[in-house]
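Dear colleague,

I am handing over the structure below, and after it I set out what was found on going through it. Please read the notes with the structure open beside you.

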Amino acid sequence: MWREGVYLKCTIQSNSLENTTPDPSEHRKDPDAPSRENPKFGEWHHWLITNIPGNSVSQGDVMSEYVGAGPPKDTGLHRYVFLLFKQSGGKQTFEGLHKLTNRSGNNRKSWKVRDFAKKYNLQLLAGNFFQAQFDDYVPKLHQQLSGK
């Protein structure tokens, strides 16, 4: 079930993708935005890298700059999900996607990874998740996303 989510950290074993998954894409999301009880903005996407050559995540195309975990106060634990997809047919252009900065929350809420994967014919390879809750860093992150 997609809402349960999965996470794959970027520290991939050096040979784990070699010769088996050319040009993968990686995505991180929060299905619990603004809370598990009221996920009206889920899935909120935090990071998207496409066209990753082999296992070199740093050489992929950053479509959405990384935004850290920022659950609102009193909303409990949020699941933060990393997904790794295989792109069919090698490098893709991902027509219609806007590159997103980490200075704005625009175009991040209610982003459906299932629709994205279907549209671009992506195959889920792996994932995992972690949980986080509000802490003293969150107000700084929210200020950053407001563009200030």
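I begin with Ser104, which sits in the loop between β4 and α1; please keep in mind throughout that this is a predicted model. Ser104 has a relative accessible area of 17%, and because buried means under 20%, this residue counts as buried. A polar atom of the Ser104 side chain lies 3.0 Å from the backbone nitrogen of Asn106. Once neighbours within four places in sequence are set aside, Ser104 is in contact with Gln144 and Leu145.

Lys112 is likewise found in the loop between β4 and α1, but its surroundings read otherwise. Its relative accessible area is 37%, so Lys112 falls in the partly exposed class, which lies between the limits of 20% and 50%. Leaving out residues up to four places away in sequence, Lys112 touches Gly42 and Glu43; in the case of Gly42, the two residues are 70 apart in sequence, while their C-alpha atoms are 8.0 Å apart in space.

Turning to the interior, the largest nonpolar core is made up of 12 residues, namely Leu48, Met63, Val81, Leu83, Phe85, Phe94, Trp111, Val113, Phe116, Ala117, Tyr120 and Leu122. Both β4 (78-87) and α1 (113-119) supply at least two residues of this core. One of its members, Leu122, is in contact with Phe85, Lys86, Gln87, Gln92, Phe94, Phe116 and Ala117 when its neighbours within four places in sequence are not considered.

The aromatic residues deserve a separate paragraph, since the count of aromatic pairs comes to 7. Among them is the pair of Phe94 and Phe116, which is stacked, with 5.9 Å from centre to centre and 20° between the planes. This pair links distant parts of the chain, as Phe94 lies in the loop between β4 and α1 and Phe116 in helix α1, 22 residues apart. Phe94 and Phe116 are both buried, and ring pairs join these two with Trp111 and Tyr120 into a cluster. Each of these four aromatic residues, Phe94, Trp111, Phe116 and Tyr120, also appears in the largest nonpolar core.

When you look at the model yourself, you may find it convenient to start from Phe94, which belongs to the core, to the stacked pair with Phe116 and to the contacts of Leu122.

With best regards

How values were computed. Residues are numbered from 1 along each chain as its sequence is written. This is a predicted model: local features need pLDDT of at least 70, side-chain atom pairs count only at pLDDT 80 or more; totals for chains, interfaces and linings use all residues. Side-chain values use heavy atoms; hydrogens and water are left out. A nonpolar core is a set of buried Ala, Val, Leu, Ile, Met, Phe, Trp, Tyr and Cys residues joined through side-chain atoms within 4.5 Å. Buried means under 20% relative accessible area, exposed over 50%, partly exposed in between (1.4 Å probe, protein chains only). Helices (H or I, at least four residues) and strands (E, at least two) are DSSP runs, numbered from the N terminus. Contact means heavy atoms within 4.5 Å. Rings of Phe, Tyr and Trp (its six-membered ring) pair if their centres lie within 6.5 Å; planes under 30 degrees apart count as stacked, over 60 as edge-to-face and the rest as tilted. A polar contact is a pair of N or O atoms within 3.5 Å; within protein, one must be able to donate a hydrogen and the other to accept it, and residues adjacent in sequence count only if both atoms are side-chain atoms.
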